[in-house]
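Welcome, and thank you for taking a look at this structure. Let us walk through it together, one region at a time.

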Amino acid sequence: MIGCVLRALAVLCATWTGAVQATAIFTVSSAAELTALLRTLTQPAEVQLSPGNYGEVRLTGVTARVTLRSANPAARATFDRLWISDSAAVTVSGIDIALRLGANEGVTTAGMLVRNSRDISLVDMGFSGSPDDNPNNDGLLLRLLNVTRALVLNCRFAEARAALFVERSRGVIVASSEVSIAREGFNFSTVQSVLVDRNRFTAIRPNLDAGDHADAIQFFVGAGSGSSGVTISNNAMLLHDTVSQGIFVRNESGLAANAFRNFAILNNAYVGQVRNGVTVIGLEGGLIAGNTLLAAPGWVLEPALTARDSIDIVMERNIAPWHLFINTPGAAANSVTLANRSNPGGPGVNSQVTGDPAVAPLTAGDFTVRPGSLAATLGAGFVEVGFIGVGAAEQGSARMAALLAQLATMAPD
Ligand SMILES: [Ca+2]
């Protein structure tokens, strides 16, 4: 017996195409009920999951515009694994994914996997590894593979080898989410039309013995090819206490066939201990503007904005100890070069922003430019905006429609 209850047919919702259709509401209490129900659905539906753990569930061929949601927001449904493939127009909202690696599973094992699918929204979710303050025994919390139009909004990631890995996908927004206690934050390979906006990163902890070069946000080739049309904006990377890079974009293959094109890196804040605060390598066409990079206490190397082996790079209105063009034409404009080890007489951090890295941890607000400073005169540096990091559980749902409309314009059919 499916045991589902059809509670109402009169709920209206806006669909991906903007049309309004009736949505049936069902309630399920087990993985068996859930999978059986989804096999029968042919019309838009909201499936409310009763509290409990649903174990490992694999869904395939879900195309009826389905939303999965916890029936009780105060007692959220949890999955050990949730894998979705060959599906379209699926929203998962207010549900937790708790990945605990088995004895024979490695760090690439995914808690949630979405592949060969389109129009997927993951909102107000919690993704976690084993909760022992140790990311070295955890896997990949969320993997998107070959997805057209995906929204990840107001999601919390904690305890991970990598929080998120997006591959071979087009049209992706990752917004107002949060990563902590992870060896890597967000990784992307072979993607087009991507927005990474208003996320917060803390405690990105590389395993230095394993050779990690941890990043909050990384774009690379890996086993794929190039990426293009990417905006990375309004992110707070508060990495004062770990040897972690901020934004790292690299065509490490060096092959023109894998070109990285048209990246905008705008209004991000980074505090950390290493040189690669914001680094682009092998990029054709980049705007790097309005970012603030501060050296954390105990820095190994003062952070820099770096463009290497790149062309058509505009770097302007940033604040950082270093602005570097290496084998790349261009020069930093209207920017503040903070006092650094080669120029200790330059503007001090405390003269340009309100916060003090010496009393870290900083918040996004600590990057506020001081009125009357050189940075203020130049219009340089990070400006705090709303919705950085995870907000109240319903915040994602409230902002979802506007971001889906933006996603549709970023990646039309
Ligand atoms: Ca752990």
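Before we set out, please keep in mind that this is a predicted model. A good place to begin is the loop between α2 (349-352) and α3 (374-378), where you will find Pro361. The peptide bond that joins Ala360 and Pro361 is cis, with omega at about 10 degrees.

While you are in this part of the chain, move along to the loop between α3 and α4 (395-410), which holds Phe387. Phe387 has a phi near 65 degrees, a positive value in a residue that is not glycine. Is Phe387 buried or exposed? Phe387 is partly exposed, because 17 other C-beta atoms lie within 10 Å, and a residue counts as buried if that number is 20 or more.

A positive phi turns up again at Arg198, another residue other than glycine, where the angle is near 65 degrees. Arg198 sits in the loop between β17 and β18 (200-202). What about its surroundings? Arg198 has 23 other C-beta atoms within 10 Å, so Arg198 is buried.

From that loop, step back into strand β17 itself, which covers residues 186-197. Which strand pairs with β17 in the parallel sense over 5 bridges? The partner is strand β20, made of residues 228-233. Within this pairing, Val196 stands opposite Ile232 of β20. Strand β20 also runs parallel to strand β23 (residues 260-266), and 5 bridges join these two. Here Ser233 is the residue to look for, as Ser233 stands opposite Leu266 in β23. As you follow such strands, remember a general point: in a regular strand the side chains alternate between the two faces of the sheet.

Ile232 deserves a pause of its own. This residue lies in strand β20, and Ile232 is buried because 28 other C-beta atoms lie within 10 Å. Which residues is Ile232 in contact with, once its neighbours within four places in sequence are left aside? They are Val196, Ile217, Ile247, Ile265 and Asn268. You have already met Val196, the residue opposite Ile232 in the pairing with β20. Now find Val174: Ile232 and Val174 are 58 residues apart in sequence, and their C-alpha atoms are 9.7 Å apart in space.

Next, travel towards the N terminus to another set of strands. Strand β14 (residues 156-160) is mostly covered, with 5 of its 5 residues buried. Strand β12 (residues 126-128) pairs with β14 in the parallel sense over 3 bridges, and the bridge partner of Gly126 in β14 is Arg156. Strand β14 pairs with strand β16 (residues 178-182) as well, again in the parallel sense, over 4 bridges. In that second pairing, Ala160 has Ala182 in β16 as its bridge partner.

Our last stop is helix α1, residues 31-40. Which residues of α1 are buried? Glu33, Leu34 and Leu38 are buried in this helix. If you look down the axis of α1, these buried residues fall within an arc of 125 degrees, so they line one face of the helix. Now turn to the face of α1 that points away from this buried side, and you will find the exposed residues Arg39 and Thr40.

Notes
Residues are numbered from 1 along each chain as its sequence is written. This is a predicted model: local features need pLDDT of at least 70, side-chain atom pairs count only at pLDDT 80 or more; totals for chains, interfaces and linings use all residues. Two strands pair if DSSP finds at least two bridges between them. A residue is buried if 20 or more other C-beta atoms lie within 10 Å of its own, exposed if 12 or fewer, and partly exposed in between; C-beta atoms are placed from the backbone. The arc is that of the directions from the helix axis to the C-beta atoms. Two residues are in contact if their C-beta atoms, placed from the backbone, lie within 7 Å.
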